[in-house]
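Open the model in your viewer and keep the selection box handy. We will go from stop to stop, choosing residues and looking at what surrounds them.

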Amino acid sequence: MKVLTANALKIMLSRPLPGAASHRAMWPEDREDIPLEDLYPAATMILIYTRDGRQYFPLIRRSDRENDAHRGQIGLPGGHHEAGESYLETAIRETEEEIGVKIKAHEIAGKLSPLAITRSGFIVYPFVALTEEAITFKPDPVEVDKVIPVSLEELIRHPENKTFKLENGREVPGFLFSQVNVWGATAMILNEFRIVSGEF
């Protein structure tokens, strides 16, 4: 698989995005569509980095904090938007707070389509960055239980229309990665990125 460069990624993200169509492919059957203006903003980051000649991005397993609506879940680094900052600034701040990686302005490649998370009442603004620097994860133990590297190749070459059963027996569409299964909002965001990045 070719190495995804920053310039190639910026070009791909500047084109029209698949948006809702890519999200719907990963919708659980009981998901409801609600107006975006009724939701509270948050932002996430897909951070592409290279290790041992292969490209990866980190997912996190959130800690079991009682006040976290997504406690214990698998997701991308990210969190609540704060007053006075842009959505991009939110994604950069939350990435540094949660996994200890500070993203520089020139490493930002672009953004994906906003996504409503109906169960918790958020609208998420996903961003994509690519760094050529060696990085070390320093997860915040209060917010993050574990950082889970996922191969970019594994995402791009993932078969479509895969489903799996949750512990409660519910069957959902998602990604069956080697280290973790991903469904829900994170799978929707990653599916749009899979479609976009699969063009290079």
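Start by selecting Glu98 and Arg62, which form a salt bridge with their closest N and O atoms 2.9 Å apart. The term salt bridge here means a side-chain nitrogen of Lys or Arg within 4 Å of a carboxyl oxygen of Asp or Glu. Glu98 sits in helix α3 (residues 87-99) and Arg62 in strand β2 (residues 54-62), so this pair ties together parts that are 36 residues apart in sequence. Helices (H or I, at least four residues) and strands (E, at least two) are DSSP runs, numbered from the N terminus.

Before going further, please note that this is a predicted model: local features need pLDDT of at least 70 and side-chain atom pairs count only at pLDDT 80 or more, while totals for chains, interfaces and linings use all residues. Residues are numbered from 1 along each chain as its sequence is written, and side-chain values use heavy atoms, leaving out hydrogens and water.

Now switch on the surface. Are the two partners buried or exposed? Glu98 is buried, with a relative accessible area of 0%, and Arg62 also counts as buried, at 12%. The cut-offs are under 20% relative accessible area for buried, over 50% for exposed, and partly exposed in between (1.4 Å probe, protein chains only).

Keep Arg62 selected and add Glu143: their side chains meet in a salt bridge too, at 4.0 Å from N to O. This pair links distant parts of the chain, 81 residues apart, with Glu143 in the loop between β7 (122-130) and β8 (144-151) and Arg62 in strand β2. Glu143 is buried, at 13% relative accessibility.

For a contrast in setting, move to Arg157 and Glu153, a salt bridge whose closest N and O atoms are 2.7 Å apart. Here Arg157 is exposed, at 54% relative accessibility, and Glu153 is partly exposed, at 25%. Next, select Glu82, Glu85, Arg93, Glu94 and Glu97 together, because salt bridges that share partners, by the same cut-off, join these residues into one network. The count of salt bridges comes to 11.

Next stop: helix α3 as a whole. Its 13 residues should span 18 Å at 1.5 Å a residue, and its end C-alpha atoms are indeed 18 Å apart; the expected span is 1.5 Å times one less than the number of residues. Colour Thr90, Ala91, Ile92, Arg93, Glu94, Thr95, Glu98 and Ile99, which are buried. The buried residues of α3 pack against β1 (40-51), β2, β4 (78-80), β5 (108-111), β7 and β8, where contact means heavy atoms within 4.5 Å. Just after the helix, Gly100 takes a positive phi of about 75°.

Two residues other than glycine also deserve a click for their positive phi. Asp52, with phi near 55°, is found in the loop between β1 and β2 and is exposed, with a relative accessible area of 78%. Asn161, with phi near 60°, is found in the loop between α4 (152-156) and β9 (163-165) and is exposed at 72%.

Time to go inside. The largest nonpolar core has 36 residues, and those with the most contacts inside it are Ile46, Leu59, Phe177, Val182, Leu190 and Phe193. A nonpolar core is a set of buried Ala, Val, Leu, Ile, Met, Phe, Trp, Tyr and Cys residues joined through side-chain atoms within 4.5 Å. Which element gives the largest share of this core? That is α5 (184-197), with 7 residues. Apart from this core lies another, of 18 residues, among them Leu47, Ala91, Ile99 and Val144.

Finish with the rings. A search of the whole structure finds 5 aromatic pairs. Rings of Phe, Tyr and Trp (its six-membered ring) pair if their centres lie within 6.5 Å; planes under 30 degrees apart count as stacked, over 60 as edge-to-face and the rest as tilted. Tyr49 and Phe137 have ring centres 5.4 Å apart and planes at 80°, so they are edge-to-face. Tyr49 is in strand β1 and Phe137 in the loop between β7 and β8, 88 residues apart, and both are buried. Tyr87 and Tyr125, with centres 3.9 Å apart and planes at 10°, are stacked. Add Tyr56 to your selection to see the cluster that ring pairs make of Tyr49, Tyr56 and Phe137.
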